[in-house]
Amino acid sequence: MRVLVVEDDAVLAEAIARGLRRHAMSVDVAVDGARALECAAVTRYDVVVLDRDLPGVHGDEVCQQLAGDSIRILMLTAASTVRDRVSGLNLGADDYLPKPFAFDELVARVHALLRRSAPARAPVITRAGITLDPAQRVVFRDGQFIRLSPKEFAVLYVLLSADGAVVSAEELLDRAWDEHADPFTNSMRTTVGTLRKKLGEPPVIGTVVGAGYQIR
């Protein structure tokens with residue numbers, strides 16, 4: 001659930017990023033087209049929320065370069081005529097949302113694109129007595145509801161999606177945090193620790209020394 005927001009209005013870009021993070025998405029921000037292409041060159045994004053009228057490298061060129069593979073592009077722009085929408089989709093965009101927009105609609109469209117970009121999987125993940133429903137954003141253990149923060153939910157989702165395999169600290173940081181995460185802080189260790197406590201006994205998240213974390 002990695003999203004890149006490309007918007008030259010820095011205030012709007014950060015507002016969108018904060019809102020998406022509250023939905024347990026890892027979000028990076030770029031304020032021009034050149035920076036967007038740099039980010040995409042080093043990080044695999046599931047969805048790019050792309051302003052069309054960007055300084056430097058235009059949003060249309062960014063769209064053409066990023067379209068395809070597993071990246072889904074949501075164009076977010078003040079240009080909202082039928083011709084504008086058609087041309088944007090023809091450039092490779094997967095969806096088009098004109099400004100001004102309702103944030104709830106933006107979140108719903110990003111979620112829809114995430115479902116299209118992700119490999120097919122059961123809508124509800126169950127393992128070790130834990131049931132996680134990504135659509136409803138709820139978690140149960142042995143039938144008891146567990147209230148999690150967005151970051152704890154994201155970490156649990158990554159671990160459960162591994163289907164018993166070990167998830168390295170680097171992969172967990174890459175998928176559940178954003179580019180500003182400091183790998184030398186205790187943020188990840190603290191989040192895993194609080195997640196363990198909330199999930200209760202017996203413990204289900206194991207630490208594999210030198211390798212990472214695992215839900216057996």
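# A guided tour of two sheets and their neighbours

Begin at the hairpin of strand 8 and strand 9: it has 2 residues between the strands, and one residue to select there is Asp142, which takes a positive phi near 50°. The model on screen is a predicted one.

**Stop 1: strand 8 and its partners**

Select residues 144-146, which make up strand 9, together with strand 8; the two pair in the antiparallel sense over 3 bridges. Which residue of strand 9 stands opposite Arg141? Gln144 does.

Now select strand 8 alone, residues 138-141. Colour Val139 and Arg141 to mark its covered face, then Val138 and Phe140 to mark the uncovered one.

Move to the other partner, strand 7, at residues 130-133. Strand 7 and strand 8 run antiparallel and are joined by 4 bridges. Two opposite positions can be picked out here: Leu132 stands across from Val139 of strand 8, and Asp133 stands across from Val138 of strand 8. The hairpin of strand 7 and strand 8 has 4 residues between the strands. Select Arg137 in this hairpin to find a positive phi near 60°.

**Stop 2: the whole antiparallel sheet**

Add strand 6 to the selection. The result is an open sheet of 4 strands in the order 6-7-8-9, with antiparallel pairing. Strand 6 and strand 9 are at the edges with a single partner strand each, so one side of each has no neighbour in the sheet. From one strand to the next, the twist averages 25°. Show helix 6 as well: it packs on this sheet and touches strand 6, strand 7 and strand 8. The direction of helix 6 makes about 110° with that of strand 7.

**Stop 3: helix 6 against helix 8**

Keep helix 6 and add helix 8, residues 187-199. The axes of helix 6 and helix 8 come within 10 Å and cross at roughly 85°. The two helices are therefore roughly perpendicular to each other. To see the contact, show the side chains of Lys151, Glu152, Val155 and Leu156 on helix 6, and of Thr191, Val192, Thr194, Leu195, Lys198 and Leu199 on helix 8. How many residues of each class does this contact have? It has 5 nonpolar, 2 polar and 3 charged residues.

**Stop 4: a salt bridge from a loop to strand 6**

Select Asp163 and Arg127, whose side chains meet in a salt bridge (3.2 Å, N to O). This pair links distant parts of the chain, 36 residues apart: Asp163 is in the loop between helix 6 (150-161) and helix 7 (169-176), while Arg127 is in strand 6 (residues 125-127). Asp163 is exposed, with a relative accessible area of 57%, whereas Arg127 is partly exposed at 24%.

**Stop 5: the parallel sheet**

Turn to the other sheet on this tour, an open one in which 5 strands follow the order 2-1-3-4-5 and the pairing is parallel. Strand 2 and strand 5 (95-98) stand at its edges; each has a single partner strand, so one side of each is left without a neighbour in the sheet. Neighbouring strands here are turned by 20° against each other on average, direction ignored.

Within this sheet, select strand 3 (residues 47-51) and strand 4 (residues 72-77), which pair in the parallel sense over 5 bridges. Asp51 stands opposite Leu76 in strand 4. Then show helix 3, residues 59-66, which lies across strand 3 and strand 4 and runs at about 160° to strand 3.

**Stop 6: two more salt bridges**

The model has 13 salt bridges in total. Select Asp28 and Arg2 for one of them; their closest N and O atoms are 3.1 Å apart. Asp28 lies in strand 2 (residues 26-30) and Arg2 in strand 1 (residues 2-6), so the pair ties together parts that are 26 residues apart in sequence. Are these two residues buried or exposed? Asp28 is buried, with a relative accessible area of 0%, and Arg2 is buried too, at 6%.

Finish with Asp46 and Arg44, which form a salt bridge with closest N and O atoms 3.1 Å apart. Asp46 is buried, with a relative accessible area of 8%, but Arg44 counts as exposed at 54% relative accessibility.

How values were computed
Residues are numbered from 1 along each chain as its sequence is written. This is a predicted model: local features need pLDDT of at least 70, side-chain atom pairs count only at pLDDT 80 or more; totals for chains, interfaces and linings use all residues. Side-chain values use heavy atoms; hydrogens and water are left out. Buried means under 20% relative accessible area, exposed over 50%, partly exposed in between (1.4 Å probe, protein chains only). Two strands pair if DSSP finds at least two bridges between them. A salt bridge is a side-chain nitrogen of Lys or Arg within 4 Å of a carboxyl oxygen of Asp or Glu. Axes are lines fitted to C-alpha atoms, for helices over the stretch in contact, and angles run from 0 to 180 degrees between N-to-C directions. Contact means heavy atoms within 4.5 Å. Angles under 35 degrees count as roughly parallel, over 145 as roughly antiparallel, 65 to 115 as roughly perpendicular and the rest as oblique. Ala, Val, Leu, Ile, Met, Phe, Trp, Tyr, Cys and Pro count as nonpolar, Asp, Glu, Lys and Arg as charged, and the others, Gly among them, as polar.
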